[in-house]
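Dear colleague,

Please find below the structure that I am handing over to you. My findings follow directly after it, and I would be grateful if you read them with the structure open.

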Amino acid sequence: MRLLIFLAAILLLPAMGPWKDCEGANACTLQDRSYHVKLPDDWDGETTLPVLLHFHGWGRQGDLIIKHRRISGATRRRGVLLVAPNGNGRSWDFWGGRSDDVEFAAAVIENVAAQYPIDRKQIYVSGYSYGAAMAWRYVCENGDSVAALLAVSGSLRQDEACPQAPREVRHVHGFADNVMGFPMGPGGDETYPVALWRQQFGCQQGQKLAPWGAVDFLTFDRRVWTDCADGHKVTLDLHPGGHFIPHGWIGWQLDQLMGRVPRYP
């Protein structure tokens with residue numbers, strides 16, 4: 001009996017350790033690097049968890065992400081495990097292909113999976129600004145197992161070739177962005193911010209939906225492409241504002257992707 005109790009305790013250690021030792025502001029270490037995790041408010045310690053892997057913006061770290069109302073505030077209320085890697089030098093290597101940061105972030109997911117019961121079919125990848133560009137880079141190189149890319153105000157060159165891709169892409173960008181400027185296409189093509197994915201997925205004409213907003217003071221124009229090959233989908237939300245994470249945008253996308261009625265916050 002003592003042996004059985006001892007073995008049970010050993011088996012439980014991996015599941016008990018993370019939220020006691022490195023959850024929240026306390027970083028989890030992975031070799032010579034680190035990341036942060038934030039659990040949902042109502043997690044029972046057993047239920048399988050969807051994951052949002054979020055890349056911070058330039059000059060930031062994951063400890064900000066797990067406190068951010070427009071990021072952590074969304075995941076905590078929706079039963080989603082937030083994972084926020086820390087970039088070397090508070091930035092990311094995304095400009096060219098074969099980024100070491102892709103390998104690091106993939107290792108973070110595996111490290112998290114060894115500690116938490118994650119849902120491999122619901123791994124979402126997001127980022128803001130430089131972090132959004134890094135999220136694009138991640139799914140470009142390692143996206144075949146990613147359910148959706150949720151990118152805010154940052155992307156890659158639209159003429160790149162991506163060896164992998166997520167099942168769905170959702171991107172939001174402001175016309176007045178003066179940090180990572182709106183990537184307007186030839187002839188004033190406003191759909192150009194997602195041209196890479198539309199071409200790779202073989203999407204057709206697409207359609208413009210009615211304006212929508214999670215809050216009263218910000219309205220999005222939404223374009224969707226649901227006629228792409230192999231069930232891929234692309235969504236582009238445009239707004240008149242600048243370089244910021246729109247209120248409610250991340251939570252709204254998670255609700256829709258998980259088959260729920262969108263709500264704020």
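In helix α7, the residues W249, I250, G251, W252, Q253, L254 and D255 are buried. The helix runs over residues 249-257 and is mostly covered, since seven of its nine residues are buried. Please bear in mind that this is a predicted model. After α7 comes G259, and the phi angle of G259 is positive, near 75 degrees.

The segment after α7 also holds P265. With a relative accessible area of 38%, P265 is partly exposed, because that value falls between the 20% limit for buried and the 50% limit for exposed residues. Which residues does P265 touch, leaving aside its neighbours within four places in sequence? The contacts are G73, A74, R77 and R78. P265 and G73 are 192 residues apart along the chain, yet their C-alpha atoms are separated by 7.4 Å.

A contrasting case in sequence and space is the pair D32 and K121. These two residues are 89 residues apart in sequence, and 29 Å lie between their C-alpha atoms. D32 belongs to the loop between β1 (28-30) and β2 (33-38). Is D32 buried or exposed? D32 is exposed, because its relative accessible area of 70% is over the 50% limit.

I turn next to the disulfides. A disulfide is a covalent bond between the sulfur atoms of two cysteines. How many disulfides does the count give? The count comes to three. When the bonded cysteines are numbered in sequence order, they pair as 1-2, 3-4 and 5-6.

One disulfide joins C22 to C28, with an S to S distance of 2.2 Å. The angle about the S-S bond is 85 degrees, and the link of C22 and C28 is right-handed. Both ends count as buried because they fall under the 20% limit: C22 has a relative accessibility of 11%, and C28 has 4%.

Another disulfide joins C140 to C162, again with an S to S distance of 2.2 Å. The link of C140 and C162 is left-handed, with -105 degrees about the S-S bond. C140 lies in helix α5 (residues 130-142) and C162 in the loop between β6 (148-152) and β7 (168-174), so this disulfide ties together parts that are 22 residues apart in sequence. Both C140 and C162 are buried.

A further disulfide joins C203 to C228, where the S to S distance is 2.0 Å. Its torsion about the S-S bond is about 100 degrees, so the link of C203 and C228 is right-handed. This pair connects distant parts of the chain that are 25 residues apart. C203 sits in the loop between α6 (195-200) and β8 (207-208), while C228 sits in the loop between β10 (218-225) and β11 (233-239). Both C203 and C228 are buried.

H232 is also found in the loop between β10 and β11. Is H232 buried or exposed? H232 is buried, because its relative accessible area of 15% is under the 20% limit. Not counting residues up to four places away in sequence, H232 touches P166, R167, F201 and W225.

Finally, I describe the chain as a whole. It has seven helices and eleven strands. The radius of gyration is 19 Å, close to the 18 Å that the globule rule gives for 265 residues, so the chain is as compact as a globular protein of that length. Along its principal axes, the C-alpha trace spans about 75 × 40 × 35 Å.

Of the 265 residues in the chain, 54% are buried. Among contacts between residues at least 6 apart in sequence, 65% join residues at least 24 apart. The chain exposes about 12500 Å², and carbon and sulfur atoms supply 51% of this area. As for charge, there are 26 positive and 28 negative side chains, and the centres of the two sets lie 5 Å apart.

When you open the structure, I suggest looking at three places in turn: the mostly covered helix α7, the contacts of P265 with G73, A74, R77 and R78, and the loop between β10 and β11, which holds both C228 and H232.

Yours sincerely,
A colleague

Definitions and conventions:
Residues are numbered from 1 along each chain as its sequence is written. This is a predicted model: local features need pLDDT of at least 70, side-chain atom pairs count only at pLDDT 80 or more; totals for chains, interfaces and linings use all residues. Side-chain values use heavy atoms; hydrogens and water are left out. A disulfide is a pair of cysteine sulfur atoms within 2.5 Å. Buried means under 20% relative accessible area, exposed over 50%, partly exposed in between (1.4 Å probe, protein chains only). Helices (H or I, at least four residues) and strands (E, at least two) are DSSP runs, numbered from the N terminus. The radius of gyration is taken over C-alpha atoms; the globule rule is 2.2 Å times the number of residues to the power 0.38. Contact means heavy atoms within 4.5 Å. Accessible areas come from the Shrake-Rupley method with a 1.4 Å probe; for residues, only the protein chains shown count as cover. Lys and Arg count as positive and Asp and Glu as negative; His and the chain ends are not counted. The place of a charge is taken as NZ of Lys, CZ of Arg, CG of Asp or CD of Glu.
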